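Reader: I am new to reading structures. Please walk me through one, feature by feature.

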Amino acid sequence: MTSTVLEASSGSATALRRAALVLAALVAVGALTLLGGARYGFLLAIGLGFGIALEGLRFGFAGPWRAMILRREPAGLLAQLLAIALVSIVAIPLLSSHPGELTGAQAPIGWAMVGGAFVFGAAMQVVLGCGSGTLVNAGSGNPVGLLALPFFAIGSFFGAYGLIWWTSLGALPILTLRGTTGLAVTLVLLALVAGVAFALGKPGSRALPRRYVIAALVLAALAIGNLVVAGQPWGVVYGLGLWVAKGVQGAGIDLSGSAFWSAPGSVTRLHENLLTDYTSLTDIGLIAGAFGVAAWRQGGLSQALPRYPARAWVATVVAGFLLGYSSRLAFGCNVGAFFSGISTGSLHGWVWFAAAFAGAFLGIRLRPILGLEARA
Amino acid sequence: MTRKSTALIAIAGLLALIAADLLAAPLNPYHAPPAFALGSGQVASGGFCGALPD
């Protein structure tokens, strides 16, 4: 009798907590729609969707790359390629038919871009969190993600600060795959990479689990929604740097020494509310959505924190900074360059993928040396 | 300590950031762009990590 009463009480507490989470999300999106505008409300909802999908389906970018490199398990990477292909089927034709209203994640290939992508690939394996993954990890209570996040933002600010100098070291013009031919080439290249991953994969680990297929479909739908609503693809890093730049400006520090932060577009955004910045909104949604899933799950936030040696925390700070800095030089992270770059026809996305994947080999070797394999 | 404390720190930090920014730069619904960029007739102008400064 007593245990039945306790179970009923626990069940109603869980239902109440979940109802509060849904209500908080609806109120946040509704309030922003009313006070800021429908576009911003939609983008916050899309960001929440990204966070819920990535945390809820336990899907990401760093983990699948690690699984492919260490254990030759290609399913996660194949799901990423599937999501990118689905987005490209819609995005590349849309970009061709609406060239002013919509822009792709198109950036120049250059020395700093390649080096930045390599460093990002290494750093994301050190902390096991990419651009989106660090935000999701922080929101779901992962202490490494939580510590890396502010340094990621600081790195993004400084990377943008010196971006023009780095780009002046040498860069090609922006090269894009456009129209029907561009879409066909993109799909063939994605199929080739998928074929190589499939061939290299360990037998028995090549099939896509159902949750990966669902994750790919949901991420693709949300990414297309991001493009249609914002006029630009899903990105992460710009928003984080903007948060720090606003803080720096608020502290009275002059940003006119930076060609990036003193450009007219940057100055405008520095004076506007961050809830009107598209990447900030999806970043906020990623953190909050991941928190919502962790709080929704039975026991999702009751796990004890892992123990790491001091050098692991120092490595997290350094890797977090490098994630932010390098992703600005690379014109995006796994989201802005790899996912959105390739799916909107930018050749820099392909070069980013090759360089970051090479860097991932280094990061995987560094992680245990830096003490980031958790103690029991 | 559990993940509850670190997750709450993340959410509290996020809320503090939003609150501080709302005080510095309030929202203005009268300057809201059309709900969808697609079909709006307006040139896309958001900040993006793949873009050089405009």
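**Charges, fold and salt bridges**

Author: Start with charge. In chain A, the mean positions of the 21 positive and 9 negative charges lie 12 Å apart. Lys and Arg count as positive, Asp and Glu as negative; His and the chain ends are not counted. Each charge is placed at NZ of Lys, CZ of Arg, CG of Asp or CD of Glu.

Reader: What should I know about the model itself?

Author: This is a predicted model: local features need pLDDT of at least 70, side-chain atom pairs count only at pLDDT 80 or more, and totals for chains, interfaces and linings use all residues. Residues are numbered from 1 along each chain as its sequence is written, chains are lettered from A and ligands numbered from 1 in the order in which they are written, and side-chain values use heavy atoms, leaving out hydrogens and water.

Reader: How many helices and strands are there in chain A?

Author: Helices (H or I, at least four residues) and strands (E, at least two) are DSSP runs, numbered from the N terminus. Chain A has 16 helices and 2 strands.

Reader: How do I judge the overall shape?

Author: Use the radius of gyration, taken over C-alpha atoms; the globule rule is 2.2 Å times the number of residues to the power 0.38. For 376 residues the rule gives a value near 21 Å, and chain A has 21 Å, so it agrees with a compact globule. The C-alpha trace spans about 75 × 55 × 45 Å along its principal axes.

Reader: What share of the residues in chain A is buried?

Author: Buried means under 20% relative accessible area, exposed over 50%, partly exposed in between (1.4 Å probe, protein chains only). Here 58% of the 376 residues are buried.

Reader: Now salt bridges. How many are there over all chains?

Author: The rule asks for a side-chain nitrogen of Lys or Arg within 4 Å of a carboxyl oxygen of Asp or Glu. The count is 5 over all chains. One of them joins Glu55(A) and Arg297(A), with the closest N and O atoms 3.0 Å apart. Glu55(A) sits in helix α2 and Arg297(A) in the loop between α13 and α14, 242 residues apart.

Reader: Is Glu55(A) buried or exposed?

Author: Buried, because its relative accessibility is 11%.

Reader: Which residues do salt bridges with shared partners join into one network?

Author: Take the pairs in turn. Glu373(A) pairs with Arg66(A) at 3.4 Å, closest N to O. Glu373(A) follows α16 and Arg66(A) is in helix α3, so the pair ties together parts 307 residues apart in sequence. Glu373(A) also meets Arg367(A), at 3.5 Å from N to O. Arg367(A) is buried at 8% relative accessible area. Shared partners thus join Arg66(A), Arg367(A) and Glu373(A) into one network.
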